[in-house]
Structure formats: structure tokens, C-alpha cells
Amino acid sequence: MSETLVLEGVSKRYATHHAVRELSLSVPPGSIYGILGPNGAGKSTTLRMVMNIIARDAGRISLLGADPARDREVLRRVGYLPEERGLYRKMKVIDVIIFFACLKGVPADRARREGEAWLERMGLAQWRDAKVETLSKGMQQKVQFITTVLHQPEVLILDEPHSGLDPVNQEVLRDTILDAARQGRTVIFSTHNMDQAEQLCEYVCIIAGGQKVLDGRLRDVRRANRGNRYLIEFDEASAEADRFIHGNRRLLSRTQRAPELWEVELPAGDEPGELLAELARLPVPLHRFERIEPSLHEIFVTHVGNAAVAERRQEPAHV
């Protein structure tokens, strides 16, 4: 099956500022794909080009096998949640949901029925006849999310979907995204929150300064960046074991003591076999010896680091 979304050499420039520079990526069908980066990295600009809200300057975009700049009909198969929320504030909640659903070709009676079901699911049933302007920011965001998914799109494109949501509603949105993926839909979302991305994503693309830093399946990205760090834990406290680890500069390049365990690092390229054999000869039983997998946050900081902060620039606003 062909990829849901493909970008090849896509660029966007504003005067002397490159918002996106020769970005290439591919999103497998049915996956949850995170476009990650600091503020001003080019995430929103990328998604806007995919939706043909702004025109790309160069490169190729294929969305569900079509170029959205030439085939606008393909966008009817997409649910898009923009970073800037846009609801008609004077309309009733249920009416605005029906309105947006009808724009996507959903019959009004079905839109009302499914809209009320979604309001119940999102904890907003009692607000169905309230005007949008009376809702909190987080509640309005949930209403806009409903308008994004009600027409049952094949692809969800969500720009910073967790922004402004409290922890409880972040969990509601997380469960909804996972449910969409289980139904075979492709979910593409942007965020600068690495913890949220790590909980949700199967694939990631990290960008900074408008350029791709790395991409791939999350588990492969973590393995490629795990280094040579290990956790060591003994069955009980042992001064002799502590002396062995703390003073062993032949096998260990770095050691750090934590409550009840050690975090150690071997020189690059060294295998842990000799260290493990030495640990087994200590008088205290070894309880745990495992390689440390880096978090997505650690990978992000390592690859982006201070360079992203130095180059950070707010993306231009688009009406």
C-alpha cells in the first residue's frame, strides 16, 4: 500500500527566512506520525502546505496519492485541526458542529445524531445548546476537534492538538487519537512536547530551523541513539560493589549513583561482557543489569540542543 503522505524536497521561504528547507518525509498508512520540534521550527508551515493553505515554493507533496495543490477534492478526505482555533462564537455548539459537518458532505440529521454522541463522549453534552463564546478555551478546543473528526476522514492532521488542554482532557484526546489509529486511520500531528509524542507515535520526524534533523520508526530512532549506558542494581547495599563501580576507570567511562542503583557508561564500542563477568564475581548478588534506552526528550536535546534555541524564530502568522 502506498504511503498516505509523501513530501520530497519541500521548501517555503519568506523574504530571507527559510521557514521550511528541502523537507522530505513519508507517512505510512494507519500510523500515528509525529512532526516534532521547538516553536518556530516549521511544523505549522509544513502542515499548512500539506493542506494547501499556503503554497509551497518548491518540492512535491502527495496526499492520499494526489497533489493537494492541484486536486482540492482530496482534502475532503482529511480532517484538519489548525493551531489557531476557528469557531463561530455566536453559534450554538451543536449548530456549529452540524455546520462544519455539512460542509464536508455529511447530511444534517446524521451530523446532529453523531455530533450529540461526540459531545457525550467528550464530556460536553450539557453544553450542546450553549453559545461557543461561553465555553472555556479547552472546551472550545474539544468542540473543534469534534468538527475535525465527525465526517470520518481517512487522515487526521492535528496541529498542536494538546495545546490549552488540562491533563484530564489531554488523556481524552490521547484515547481518541489511539482509537482513530485502531480504526485504520492515519494520524499526523505536530507538537513540541516530547513526552506526549513518545506515548502516541509510531513514527517521528524531528525538525529544527526548518530542516529535518532525523526521522523514522520511533523504536529504531531510540535504538540508534541509545549509546552505551547501563543500569546496575544489586540485591542489597554493598560497600565493596560501590567501590568497584566508582573506582573502575578501566571498564567504565562514567558512573553515577542513584538511590539503590548505579547508572554507568562504557567507552564507545565496548561490549558489556567483561563488566558483567566482574560484577558476577562480587560477593553481593546482581539483581539487574540492563541497557538504558534514551527517551525521546533526551534524543531531541542531543540532536537539536542549543542550536535550535539560537535559530528559533516565530513562524509568520496566516489569516
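This is a short walk through one predicted protein model, from its overall layout to its pockets, salt bridges and aromatic rings.

Thanks for coming, everyone. Let me start with the overall layout. The model has 319 residues, and buried ones make up 48% of them. The secondary structure comes to 11 helices and 13 strands. If you take the principal axes and draw a box around the C-alpha atoms, that box is roughly 75 × 45 × 40 Å.

How is the chain divided into domains? The domain assignment gives domain 1 as residues 5–223 and domain 2 as residues 227–291. Between the C-alpha centres of domain 1 and domain 2 there are 45 Å. Please keep those bounds in mind while we look at the details.

Next, the empty space. Rolling a probe the size of a water molecule over the atoms shows where such space is left. The largest pocket holds about 740 Å³. Its lining counts 24 residues, and the ones closest to the pocket centre are M51, I53, Y80, P82 and K104. Which elements each supply at least two residues of that lining? They are strand 5 (78–81), helix 2 (93–103) and helix 4 (137–149). As for chemistry, the lining of this pocket is a mix of 10 nonpolar, 8 polar and 6 charged residues.

There are enclosed spaces too. Searching the whole structure turns up 2 cavities of 30 Å³ or more. The largest cavity has a volume of about 50 Å³. If you want to find it on your screens, look for L81, M122, Q141, K142, F145, P161, L165 and L173, which line it. Helix 4 gives the largest share of that lining, with 3 residues. Helix 4 is also one of the elements that supply at least two residues to the largest pocket. By class, the cavity lining splits into 6 nonpolar residues, 1 polar and 1 charged.

On to charges. Side chains of opposite charge can pair when their charged atoms come close. In this model there are 29 salt bridges, and I picked a few to show you.

Begin with D67 and R70, whose closest N and O atoms are 3.9 Å apart. Are these two partners buried or exposed? D67 has 17% relative accessibility, so this residue counts as buried. R70, by contrast, is exposed, because its relative accessible area is 75%.

Then we have D175 and R174, a salt bridge with 3.6 Å between the closest N and O atoms. Here D175 is partly exposed at 39% relative accessibility, and R174 is partly exposed as well, at 22%.

The next one is E233 with R288, where the salt bridge is 3.2 Å from N to O. What does this pair tie together? E233 sits in strand 10 (residues 229–234) and R288 in strand 13 (residues 286–291), so the bridge connects parts that are 55 residues apart in sequence. E233 is buried, at 16% relative accessible area, while R288 is partly exposed, at 25%. There is also a network, in which salt bridges with shared partners join R229, R254, E263, E265 and E298.

Last stop, the aromatic rings. A pair of rings is described by the distance of the centres and the angle of the planes. The structure has 5 aromatic pairs. For Y88 and F100, the ring centres are 6.1 Å apart and the planes make an angle of 20 degrees, so this pair is stacked. Y88 comes from the loop between strand 5 and helix 2, and F100 from helix 2, with their positions 12 residues apart in the chain. Y88 is partly exposed at 46% relative accessibility, and F100 is partly exposed at 21%.

F100 pairs with F99 too. Why is that pair called edge-to-face? The centres of the F99 and F100 rings are 5.5 Å apart and their planes are at 75 degrees, which means an edge-to-face arrangement; the cut-off for that class is over 60 degrees. F99 is partly exposed, with 34% relative accessibility. Put together, Y88, F99 and F100 make one aromatic cluster.

So, to recap the places to click on: the largest pocket, with M51, I53, Y80, P82 and K104 closest to its centre; the salt bridge between E233 and R288; and the cluster of Y88, F99 and F100. Thanks for listening, and I am happy to take questions.

Definitions and conventions: Residues numbered from 1 in each chain as written. Predicted model: local features only at pLDDT ≥ 70, side-chain atom pairs only at ≥ 80, totals over all residues. Heavy atoms only, no water. 1 Å grid on protein atoms, 1.4 Å probe; cavity = no way out; pocket = protein on both sides within 12 Å on 5 of 7 lines; lining within 4 Å. Points joined across faces, edges and corners; volume = space filled by probe spheres on them. Helix = DSSP H or I, 4+ residues; strand = E, 2+ residues; numbered from the N terminus. Nonpolar A, V, L, I, M, F, W, Y, C, P; charged D, E, K, R; others polar. Salt bridge = Lys/Arg side-chain N within 4 Å of Asp/Glu carboxyl O. Buried < 20%, exposed > 50% of the residue type's maximum accessible area, 1.4 Å probe, protein only. Domains from an automatic or database assignment. Phe/Tyr/Trp six-rings, centres within 6.5 Å; stacked < 30°, edge-to-face > 60°.
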